[in-house]
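Here is a friendly walk through a protein–DNA model, with the strands of DNA up front and the protein interior afterwards. Please keep the sequence and the 3D view open as you read.

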Protein chains: 2
Amino acid sequence: MNFADSQLFFGIEPEQAERMLPCLEAASRDFPAGKLMYSYLSGQSSAAVILEGSASVVRYEANGSRTILESLSAGGIFGADLDFYTESLGSVHVVCDTPCRVLFLNYEKMIRPCRSACPRHLDLVQNILSILSGKSRLLGERVEVLSQRSIRDKLMCYFGQLSVKSGSHTFTLPFSMMDLADFLSVNRSAMVRELRFMREDGLIAMKKREVTLL
Amino acid sequence: MNFADSQLFFGIEPEQAERMLPCLEAASRDFPAGKLMYSYLSGQSSAAVILEGSASVVRYEANGSRTILESLSAGGIFGADLDFYTESLGSVHVVCDTPCRVLFLNYEKMIRPCRSACPRHLDLVQNILSILSGKSRLLGERVEVLSQRSIRDKLMCYFGQLSVKSGSHTFTLPFSMMDLADFLSVNRSAMVRELRFMREDGLIAMKKREVTLL
DNA sequence: ACAGATATGGTGCAAATGCAACAGACAAAA
DNA sequence: TTTTGTCTGTTGCATTTGCACCATATCTGT
């Protein structure tokens, strides 16, 4: 995709967006699949837009367990204050799932409107505001799921969110079973077992990754 | 405290902040302790600053369990997109812990700079941006704690965060035992038991709400 | 100081979850 | 096609957690 189609430049004409790039210290880079693209280290202040490919934001805990914090596809944005991960305990990285082309931008330059060259800089700030509250809402949903006390409740809560988002009782899981277990922070085999019980109890129907709430 | 001392008006002179109030449709209200101040209903778009008192953002689940999403004191800000709670499953409310005076503002008016009356409107947007990423960071920490798999790991993770924030191995819990259990989404008595085991294992020392990591 | 309410600490038991191990399914590579 | 590796579903067993109680401790208002 073209960088100007990103949510970051929503409402800004492509030519004007193009003209803003030098001011934002834009730099494009390519990464092969599986490559580490970004680490949330203190002091770093670049943001990035994924132009091609898909990636995951993951945290590796000291004890070896892994948590998927976010899944990103083309148009996705990460880095700097756009995400909110502290490096306190585990380390947080952005890793390519497929080969990626990524546009890096200077976050500080983005949020401070310069009155000189960039007439649409204000729109950029507005867009960041909306991206930020959108991402925050996702995190809030995550907290809602994680604060459920049983595996069954976590699954039902998450399925409920997917159902609302898809506007249907039937939807497709965006995760493999392993990743879903990591996402919910539960044991994989315990989760698969619980899914079986839920099917037996007539709560859900599943065919591959397609789930229906009954 | 005075509204102009809120983070929302950071860097804006009090007189100028005063002049912005009508434009933001500001309205002050008082609430007694325990009173419901705000519900996150779809469509509502007012934000609020706590001038006096303290409050909690809580979610009540369908099954009766309660989750404390956030603790607010004077200067704290809540409402609209400033928080990120969806009403999908449980209902989310802001409730006074002590008597509160609160200033309500129109969120939409805040984030859309009007070129006419408010020369400092842009600063307001910048401040919202920083409040939003600050709150998001808190939420991210919350996810970090909740994604720990055992009660012990949740406690250690949370204690680690408090230790980093206080800059010391000894710190004071901001919660009662009941509220802490709700915050971590675990059973209270199981948590108290685990705290005892952790003391016996020499991991921590506790005296009332004062915890020391060993 | 008292009574009532609320918070805390504790225990036994049942249920849920994690863990390790294994077998079949599936997909990518040779 | 076979091979190889990864994902999935399953099971038995150990451990953790939730739950329902109870006994003290602490707080609050009279």
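Let's begin at the DNA: a backbone N or O atom of A:M177 sits 3.3 Å from a phosphate oxygen of DNA strand D. This is a predicted model, in which local features need pLDDT of at least 70 and side-chain atom pairs count only at pLDDT 80 or more, while totals for chains, interfaces and linings use all residues. Residues are numbered from 1 along each chain as its sequence is written, chains are lettered from A and ligands numbered from 1 in the order in which they are written, and side-chain values use heavy atoms, with hydrogens and water left out.

**Polar contacts with the DNA**

The table gathers polar contacts, meaning pairs of N or O atoms within 3.5 Å; within protein, one must be able to donate a hydrogen and the other to accept it, and residues adjacent in sequence count only if both atoms are side-chain atoms.

| Residue and its atom | Partner on the DNA | Distance |
|---|---|---|
| A:M178, backbone N or O | phosphate oxygen, strand D | 3.2 Å |
| B:I151, backbone N or O | phosphate oxygen, strand D | 2.7 Å |
| A:N187, backbone N or O | phosphate oxygen, strand C | 2.9 Å |
| B:M177, polar backbone atom | phosphate oxygen, strand C | 3.2 Å |
| B:R188, polar side-chain atom | base nitrogen, strand C | 3.2 Å |

**The surfaces near each strand**

A residue counts as near a strand if one of its heavy atoms lies within 4 Å of it. Around DNA strand D there are 16 residues, and A:R196, B:S150, B:I151, B:N187 and B:R193 come nearest. Of the strand D atoms within 4 Å of the protein, 53% belong to sugar or phosphate and the rest to bases. Helix α6(A) gives the most to this surface, with five residues; helices here are DSSP runs (H or I, at least four residues), strands are E runs of at least two, and both are numbered from the N terminus.

DNA strand C also has 16 residues around it, the closest being A:S150, A:I151, A:N187, A:R193 and B:R196. Sugar and phosphate make up 57% of the strand C atoms that come within 4 Å of the protein. Here α6(B) brings the largest share, five residues. The surface near strand C divides into six nonpolar, five polar and five charged residues. In this count Ala, Val, Leu, Ile, Met, Phe, Trp, Tyr, Cys and Pro are nonpolar, Asp, Glu, Lys and Arg are charged, and the others, Gly among them, are polar.

**Inside the protein**

Which residues have the most contacts inside the largest nonpolar core? They are A:L8, A:F9, A:M110, B:L8, B:F9 and B:M110, in a core of 48 residues. Such a core is a set of buried Ala, Val, Leu, Ile, Met, Phe, Trp, Tyr and Cys residues joined through side-chain atoms within 4.5 Å. Buried means under 20% relative accessible area, exposed over 50%, and partly exposed in between (1.4 Å probe, protein chains only). Leaving aside residues up to four places away in sequence, A:L8 touches several residues, including A:V49, A:I77 and A:L105; contact means heavy atoms within 4.5 Å.

**A loop glycine in chain B**

B:G53 lies in the loop between β3 (46–52) and β4 (55–60) of chain B. Because its relative accessibility is 23%, B:G53 counts as partly exposed. B:G53 and B:T98 are 45 residues apart in sequence, yet 5.4 Å apart in space, C-alpha to C-alpha.
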